[in-house]
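User: Please take a close look at one strand of this model and describe how it sits among its neighbours. A connected account is enough.

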Amino acid sequence: MGPVGETQWLSSLPFGQDGAPALGAIVAYADPSTPEIADVLDAHLRASPLVRGIRCMGAHSDDPGVMNWAPQAHWLTQPSFLRGFSAVAERDLSFEIWVYAHQLPDAVTLAREYPGTSFVLDHYATPVGVLGPRGKHTGSTESERREILRQWCDDISALAELPNIVAKHSGLGMPILGAGPMPREQLRDSVAPLITHLDQAFGPDRTFWSSNFPIDKPNVSLADSMWILREALGTRFDEQRILRENARRVYRVAD
């Protein structure tokens with residue numbers, strides 16, 4: 001169907017009927033680096049008035065054993081991407097950033113280039129191998145994993161200084177982090193440094209939970225993903241803001 005066809009199909013489903021929940025907003029796919037980006041965005045907006053944002057995956061690793069989701073390294077800062085992104089900004093659409101941790105400086109560059117655009121950081125900017133070895137040579141030793149976490153903390157703090165970025169608590173069950181299936185208490189303890197640092201860097205008004213299903217499903221259930229977040233944040237867990245209000249504001253979901 002193509003990206004616009006997906007938006008049309010989604011809009012045709014019986015949301016809000018026979019007890020089903022209403023559809024609040026759509027984040028559609030589009031590639032800002034393509035010459036036809038403006039036409040694609042306009043087609044999405046014609047397909048549904050609920051389109052609020054755009055997402056395309058920028059995750060790329062030089063480790064040949066780690067899957068790439070973007071055509072090249074530093075894709076978010078390629079001249080064609082930065083030029084084309086003006087079409088996203090002009091239409092007041094938000095943009096979801098999913099990159100690997102070592103690409104966080106590229107996210108800073110993009111967000112600084114478009115300070116009037118709202119950006120949403122997905123999946124903690126996945127720090128590949130932070131919980132265990134991944135790929136051919138990522139996170140192979142305990143010292144390497146400590147360095148991955150240390151650099152991630154520094155780069156997350158730098159990104160959080162930009163006021164036009166919010167961040168999702170999502171993707172903690174992704175196998176690419178380096179963890180396999182384990183008791184939820186063990187997973188909680190393993191990912192707590194990611195949760196607490198993101199919360200401290202962005203604050204309670206600029207973070208919210210997201211399920212990331214079915215990608216998280218191999219390692220964590222939907223209910224446990226929320227339980228882990230509650231447990232790690234303790235008294236800092238604000239249910240209204242983290243589970244409702246912040247996302248409604250970012251995606252402009254009507255009451």
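Analyst: In this predicted model, strand 5, helix 6 (residues 184-202) and strand 6 form a β-α-β unit that is right-handed. Strand 5 also closes a right-handed β-α-β unit made with strand 4 and helix 5 (residues 142-160). Strand 5 thus belongs to both units.

The pairing involves strands 4 and 6. Strand 4 (residues 119-121) runs parallel to strand 5, and three bridges join them. Within this pairing, Val120 is opposite Val166 of strand 5. Strand 6 (residues 207-209) is likewise parallel to strand 5, again over three bridges. Here His169 has Trp209 of strand 6 as its bridge partner.

As for burial, five of the five residues of strand 5 (residues 165-169) are buried, so the strand is largely enclosed by the rest of the structure. Buried here means a relative accessible area under 20%. The cover extends to both faces: Ile165, Ala167 and His169 are buried on one side, and Val166 and Lys168 are buried on the other. His169, the bridge partner of Trp209, is therefore one of the buried residues of an enclosed strand. Val166, which stands opposite Val120, belongs to the other side, with Lys168.

Beyond strand 6, the chain enters the loop that leads to helix 7 (222-233), and Pro214 lies in this loop. The peptide bond joining Phe213 and Pro214 is cis, with omega about 10°.

How values were computed: Residues are numbered from 1 along each chain as its sequence is written. This is a predicted model: local features need pLDDT of at least 70, side-chain atom pairs count only at pLDDT 80 or more; totals for chains, interfaces and linings use all residues. Side-chain values use heavy atoms; hydrogens and water are left out. Buried means under 20% relative accessible area, exposed over 50%, partly exposed in between (1.4 Å probe, protein chains only). Helices (H or I, at least four residues) and strands (E, at least two) are DSSP runs, numbered from the N terminus. Two strands pair if DSSP finds at least two bridges between them. A crossover is right-handed if, with the strands pointing away from the viewer, the path from the first strand over the helix to the second runs clockwise.
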